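Trainee: I should like to learn how to read the features of a model in order, from the overall fold to single residues. May we work through one together?

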Amino acid sequence: MKKVAVLTSGGDAPGMNAAVRAVVRTALHYGFKAYGVYNGYKGLVENNIVELGRNDVGQILNRGGTILGSSRLPSFKQVEVRGIAVENLKQLGINALIVIGGDGTYRGGMELKDMGINVIAIPGTIDNDIASTEYSIGFFTALDTAIDAIDKLRDTSFSHRRCTVVEVMGRDCGDLSIYSGIACGAEIVITKETGFIKEQVLKQVQLAQKSGKRHLIVVVAENITDVFELAKSIEAVSDYNSRASVLGYIQRGGTPSAFDRILASKMGVHAVELLRDNQSGLAIFTNSLEIGHCPIEEALDARDETTDLYNYLSKLN
Ligand code: ADP
């Protein structure tokens with residue numbers, strides 16, 4: 001009998017609950033026992049581990065955050081602390097652990113794998129900073145939130161002929177900024193990847209003004225520069241009156257989007273099926289939004305992906 005535990009760790013992300021639900025329901029579907037670890041790695045160390053039934057994960061598919069709770073436990077980098085976690089899992093006879101989180105969570109999972117636990121990692125982070133996957137659970141919901149906010153700022157920006165500087169989350173990853181910049185038609189996007197040279201940005205603003213732009217949107221990823229200072233500098237070198245807004249934690253919450261619910265459900269099923277097949281030490285990824293092309297005649301013959309979805313559905317109820 002397999003016993004599968006699941007935890008959510010690091011920054012919470014909309015869709016984590018959908019993944020927890022999929023893990024628990026799929027584990028039960030295959031006749032395994034399912035356990036929830038509360039508050040991430042902290043709960044592993046504190047033995048806050050509870051057996052879950054199918055109804056324990058009912059009514060959560062549409063909820064943001066994580067019902068299991070999350071935390072940051074810097075001391076989990078110490079082997080002695082992880083040793084307590086491993087011992088707690090062993091005492092309960094739990095032989096598999098699914099961790100849902102970002103890059104820090106993955107590092108913790110890797111360490112546990114090296115200590116003999118069968119670990120599978122699912123990407124759950126609004127930052128989209130896991131290199132192996134094109135998209136992580138929560139990213140598109142956070143993006144929708146950022147886009148909604150920037151669209152609203154744009155209205156006032158247009159009316160008042162402003163340069164609006166918006167700080168978007170992402171920790172050290174510029175994905176939320178670049179995607180929201182594209183989706184909102186921002187004139188300037190500044191991320192770690194683009195680099196930031198203030199003089200260049202100010203020149204871009206002046207050029208935009210010369211070209212007749214009535215107003216400007218500048219999207220800046222967090223941890224790059226003080227957006228309030230940047231707004232002041234823009235005002236000093238241009239005719240735009242300039243304002244800065246920091247979107248902050250609203251980007252982390254909210255009802256998961258359709259995309260995130262489906263992504264999380266599929267990843268949760270896949271993770272348990274890997275364990276069923278005695279595979280572990282693996283990270284789940286998706287690269288499904290690739291843009292491609294094929295001859296028109298083949299377009300109508302291509303396999304329809306929805307048939308696959310029926311296979312997922314049978315595990316989730
Ligand atoms: P995220 O998973 O969202 O990137 P963090 O970077 O805060 O969030 O990581 C979540 C938790 O993972 C940390 O609080 C810590 O308990 C654990 N963790 C992070 N890095 C390591 C590491 N190198 N070794 C072991 N555990 C780690």
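Mentor: The discussion below goes from the whole chain to the ligand site and then to individual residues. Please keep in mind that this is a predicted model.

Trainee: How many helices and strands are there in the protein?

Mentor: The protein has eleven helices and ten strands. Its C-alpha atoms fill a box of roughly 70 × 55 × 30 Å along the principal axes. Of the 317 residues, 49% are buried.

Trainee: Let us turn to the ligand. Which residues come nearest to the ligand?

Mentor: The ligand has 16 residues around it, and those that come nearest are Arg72, Leu73, Gly102, Asp103 and Thr105. Helix α4 (residues 103–114) supplies the largest share of this shell, with six residues. Sorted by class, the shell holds three nonpolar, seven polar and six charged residues.

Trainee: Which polar side-chain atom lies 2.5 Å from an oxygen atom of the ligand, and what do backbone atoms add?

Mentor: That side-chain atom belongs to Thr105. From the backbone, a polar atom of Leu73 is 2.7 Å from an oxygen atom of the ligand, and an N or O atom of Gly104 lies 3.0 Å from a ligand oxygen. Taken alone the ligand exposes 550 Å², and the protein buries 89% of that.

Trainee: What is the space taken by the ligand?

Mentor: That space is the largest pocket.

Trainee: Next, a residue in a strand. Is Thr8 buried or exposed?

Mentor: The cut-off for a buried residue is a relative accessible area under 20%. Thr8 counts as buried because its relative accessibility is 0%. The residue lies in strand β1 (residues 3–8), and its side chain is joined to that of Thr66 by a polar contact of 2.8 Å.

Trainee: How should I read the sign of a phi angle?

Mentor: Most residues other than glycine have a negative phi. Here, Asn39 has a positive phi of about 65 degrees although it is not a glycine. Asn47, likewise not a glycine, has a positive phi of about 60 degrees.

Trainee: Where are Asn39 and Asn47 found?

Mentor: Asn39 is in the loop between β2 (33–37) and α2 (40–45), while Asn47 is in the loop between α2 and β3 (49–52).

Trainee: Why does Asn47 count as partly exposed?

Mentor: The partly exposed class runs between the 20% and 50% cut-offs. Asn47 belongs there because its relative accessibility is 40%. Asn39 is also partly exposed, with a relative accessible area of 29%.

Methods
Residues numbered from 1 in each chain as written. Predicted model: local features only at pLDDT ≥ 70, side-chain atom pairs only at ≥ 80, totals over all residues. Heavy atoms only, no water. Near = heavy atom within 4 Å. Polar contact = N/O pair within 3.5 Å; in protein donor to acceptor, adjacent residues only side chain to side chain. Areas by Shrake-Rupley, 256 points an atom, 1.4 Å probe, with all protein chains shown as cover. 1 Å grid on protein atoms, 1.4 Å probe; cavity = no way out; pocket = protein on both sides within 12 Å on 5 of 7 lines; lining within 4 Å. Sits in = over half its atoms within 2 Å of the grid points. Helix = DSSP H or I, 4+ residues; strand = E, 2+ residues; numbered from the N terminus. Nonpolar A, V, L, I, M, F, W, Y, C, P; charged D, E, K, R; others polar. Buried < 20%, exposed > 50% of the residue type's maximum accessible area, 1.4 Å probe, protein only.
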